[in-house]
Amino acid sequence: MADNEHSELDTSAKAQSDGDRFNGGGVLTYNPGPLLLAAAVSGGRGWYDIDRPIAFPGFSALAKSDTGIDNVTGRLRAAYLFDFGG
């Protein structure tokens, strides 16, 4: 499964930001009878560009940032179903 997102932000202080993010992942399960084994992995990457004006008396500039964010997660699960009757 995969997912794409886009974001944009403009503030009253003239700061601007835009970004894109991609996420994906998958699951593998094994279920023979009462035993359940599962493994999942997911990850993503985001890119963000930020521009922010800075102004002091006698000085003005534009602060710029190009940021990348990566993430990876994994999970393992094991379960067993016991039958205790009624």
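These legends go with several close-up views of a predicted model.

**View 1. Four strands line up in an open sheet.** Reading across the sheet, the order is E1-E2-E3-E4, and the pairing is antiparallel. Strand E1 (2–10) and E4 sit at the edges with a single partner strand each, so one side of each has no neighbour in the sheet. Going from one strand to the next, the twist averages 10 degrees.

**View 2. Here E2 meets E3.** How many bridges join E2 to strand E3 (residues 35–56)? There are 15, and the two strands run antiparallel. Look for Gly-26 in strand E2 (residues 16–30); standing opposite this glycine is Val-41 in E3.

**View 3. A closer look at Gly-26 and its contacts.** Set aside the neighbours within four places in sequence, and Gly-26 is in contact with Ala-39, Ala-40 and Val-41. Gly-26 counts as partly exposed because its relative accessible area is 35%, and partly exposed covers the range between the 20% and 50% cut-offs. Also worth picking out is Gly-43: its C-alpha atom is 9.6 Å from that of Gly-26, with the two positions 17 residues apart along the chain counted as their separation.

**View 4. Three aromatic-named residues, Tyr-80, Phe-82 and Phe-84, make a nonpolar surface patch.** The patch comes to about 440 Å². One of its members, Tyr-80, belongs to strand E4 (residues 59–80), which is one of the strands at the edges of the sheet. With a relative accessible area of 47%, Tyr-80 is partly exposed.

Technical notes. Residues numbered from 1 in each chain as written. Predicted model: local features only at pLDDT ≥ 70, side-chain atom pairs only at ≥ 80, totals over all residues. Heavy atoms only, no water. Patch = residues over 30% accessible without salt bridge, like charges linked within 9 Å, V, L, I, M, F, W, Y side chains within 5 Å. Areas by Shrake-Rupley, 256 points an atom, 1.4 Å probe, with all protein chains shown as cover. Salt bridge = Lys/Arg side-chain N within 4 Å of Asp/Glu carboxyl O. Buried < 20%, exposed > 50% of the residue type's maximum accessible area, 1.4 Å probe, protein only. Contact = heavy atoms within 4.5 Å. Pairing = 2+ DSSP bridges. Axes fitted to C-alpha atoms, helices over the stretch in contact; angles between N-to-C directions.
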